[in-house]
Amino acid sequence: SERAEKQTRKMNNDRTIYFACDGFGEKLKDAVKCHIQKKYGGKEGGCKVVDFGSDTYYDAAAKVGKALACSSSSSSSNKNGGMGVLVCGTGMGVGIVANKFPGVRAAPCENIAAVRCARAVNNANVLCLGQLVTSTETATVLAEEFLFKQDFISHPSDENDKPLEWWNGEVEDFLKTSMAGVEKVEREAKDL
């Protein structure tokens, strides 16, 4: 509804979304970016879009990873923090590299269930898409869901909008402390 969309825009007005891709993902990245800018950007209450353009998959991922790692928005409470969208051939290469940066939780996703779980369960803050495996229509739906509709520790649903049966209070209790555990592992990995 229009009211829900205005509320979503207001909630995300401080959010910066970083985009980058390699040569295999440029058309899809541009299409998703244009869709997000048109629907959620703008002067009043819109998100800010930063496009790092096209580069090698590892340099594109590093640009988004560095931007998120250097910003204060990469904290575990990612309500209005920065987020990213990376596109390569499959979404996997950019995801592997982006996950090298502290505070980055990049998730390659090819369907709505994966997007919803990446956000609700893993608090992912970078969506990785593959132009060779994902249509433009699907990618814009996935990006919109990832960036604006599914939050961390919120009951995800399947492709038919039915609540996932395994979600319960125990899952929510675990998730409330999981990001502290992830941050601990990140610190330990840095010390190797």
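This dialogue reads a predicted model from its overall make-up to one patch on its surface.

Q: How many helices and strands does the protein chain have, and which pattern do they follow along the sequence?
A: A count of elements comes before their order: the protein chain has 7 helices and 5 strands, and read along the sequence they follow the pattern α-β-α-β-α-β-α-β-α-β-α-α.

Q: In what order do the strands lie in the sheet, and which strands are at the edge?
A: Order in a sheet is read from the pairing of strands, and here the 5 strands form an open sheet in the order S2-S1-S3-S5-S4, with parallel pairing. Strand S2 (48–54) and strand S4 (106–108) are the edge strands, each of them pairing on one side only. On average, neighbouring strands of this sheet are turned by 20° against each other, direction ignored.

Q: How many bridges join strand S3 to strand S5, and what stands opposite Val 85?
A: Strand S3 (residues 83–88) and strand S5 (residues 126–130) run parallel and are joined by 5 bridges, and Val 85 stands opposite Leu 127 in S5.

Q: Which strands does helix H6 lie across?
A: Helix H6 (residues 136–149) lies across S1, S3 and S5, and runs at about 170° to S5.

Q: Is Phe 24 buried or exposed, and which surface patch does Phe 24 help to make?
A: The term depends on relative accessible area, with exposed meaning over 50%; Phe 24 is therefore exposed, because its relative accessible area is 52%. Phe 24 lies in the loop between strand S1 (16–21) and helix H2 (26–40), and together with Leu 132 and Val 133 makes a nonpolar surface patch of about 320 Å².

Methods: Residues numbered from 1 in each chain as written. Predicted model: local features only at pLDDT ≥ 70, side-chain atom pairs only at ≥ 80, totals over all residues. Heavy atoms only, no water. Patch = residues over 30% accessible without salt bridge, like charges linked within 9 Å, V, L, I, M, F, W, Y side chains within 5 Å. Areas by Shrake-Rupley, 256 points an atom, 1.4 Å probe, with all protein chains shown as cover. Salt bridge = Lys/Arg side-chain N within 4 Å of Asp/Glu carboxyl O. Helix = DSSP H or I, 4+ residues; strand = E, 2+ residues; numbered from the N terminus. Buried < 20%, exposed > 50% of the residue type's maximum accessible area, 1.4 Å probe, protein only. Pairing = 2+ DSSP bridges. Axes fitted to C-alpha atoms, helices over the stretch in contact; angles between N-to-C directions. Contact = heavy atoms within 4.5 Å.
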